[in-house]
Amino acid sequence: MKFLHKLLVFALLFVGVITQASAESFTVNGVVYRITDTGVAVNNLAIDNDLNGIVYVPEEVQYGSTTYKVTGIDQFRNKEIREISLPGTIEKIRRTRQTLWSRPCRC
């Protein structure tokens, strides 16, 4: 019985790790979003985007039949961004060394 209990606990932990590691992402209008606990976060720009350096992030984005609130920014790894518009729904901006705004400005 103890073996079965341990096996069940291990299986549940394994499923939790797999679910956490495979966070779903999707692309809408050239912007890649990652589904989070509170909505979605901007994860990057799609390689084949046609934004011409101007990025507009809406308050909400629809994927399939679900509408998500945009609540975070993970990163932007694109040196061609000239202008960006962010909604008031952003609660968290994750700062990494690769984010566009963490690089020194060469103005």
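Here is a walk through this structure, from the overall layout to a few spots worth a look.

Keep in mind that what you see is a predicted model. The chain has 107 residues, and its secondary structure consists of one helix and eight strands. Follow the sequence from start to end and the order reads α-β-β-β-β-β-β-β-β, so the helix comes before the strands. About contacts: taking those with a separation of 6 or more, 46% are between residues 24 or more positions apart.

Now for inside versus outside. Of the residues in the chain, 33% count as buried. The accessible surface adds up to about 8,200 Å², and carbon and sulfur atoms hold 54% of that.

Let's head for the interior. The largest nonpolar core is made of 17 residues. Those touching the most other members are Tyr33, Val42, Val55, Val61, Val70 and Phe76. As for where this core gets its residues, at least two come from each of S1, strand S2 (31–35), S3 and strand S6 (66–73). Pick out Val70 and look around: leaving aside residues up to four places away in sequence, its contacts include Tyr33, Val42 and Val61, along with Thr89 and Ile90 further down the chain.

The aromatic rings are a good next stop. There are three aromatic pairs in the structure. In one of them, Phe26 and Tyr63, the ring centres are 4.1 Å apart and the planes meet at 10°, so this pair is stacked. It also ties together distant parts of the chain, since Phe26 belongs to strand S1 (residues 25–28) and Tyr63 to strand S5 (residues 60–63), 37 residues apart. The two partners sit in different surroundings: Phe26 is buried, at 4% relative accessible area, while Tyr63 is partly exposed, at 33%. Ring pairs join Phe26 and Tyr63 with Tyr33 and Tyr68 in a cluster.

Next, find Asn44 in strand S3 (residues 40–45). Is Asn44 buried or exposed? Its relative accessibility is 19%, and because the cut-off for buried is under 20%, Asn44 counts as buried. Beyond residues up to four places away in sequence, Asn44 touches Val31, Val32, Gln75, Phe76 and Arg77.

Finally, come back out to the surface. Ile84, Leu86 and Ile93 make up a nonpolar patch there, with about 230 Å² of accessible area together. Leu86 is in the loop that runs between strand S7 (83–85) and strand S8 (92–93), and with a relative accessible area of 37% it is partly exposed.

Methods:
Residues numbered from 1 in each chain as written. Predicted model: local features only at pLDDT ≥ 70, side-chain atom pairs only at ≥ 80, totals over all residues. Heavy atoms only, no water. Patch = residues over 30% accessible without salt bridge, like charges linked within 9 Å, V, L, I, M, F, W, Y side chains within 5 Å. Areas by Shrake-Rupley, 256 points an atom, 1.4 Å probe, with all protein chains shown as cover. Salt bridge = Lys/Arg side-chain N within 4 Å of Asp/Glu carboxyl O. Helix = DSSP H or I, 4+ residues; strand = E, 2+ residues; numbered from the N terminus. Buried < 20%, exposed > 50% of the residue type's maximum accessible area, 1.4 Å probe, protein only. Contact = heavy atoms within 4.5 Å. Phe/Tyr/Trp six-rings, centres within 6.5 Å; stacked < 30°, edge-to-face > 60°. Core = buried A, V, L, I, M, F, W, Y, C linked by side-chain atoms within 4.5 Å.
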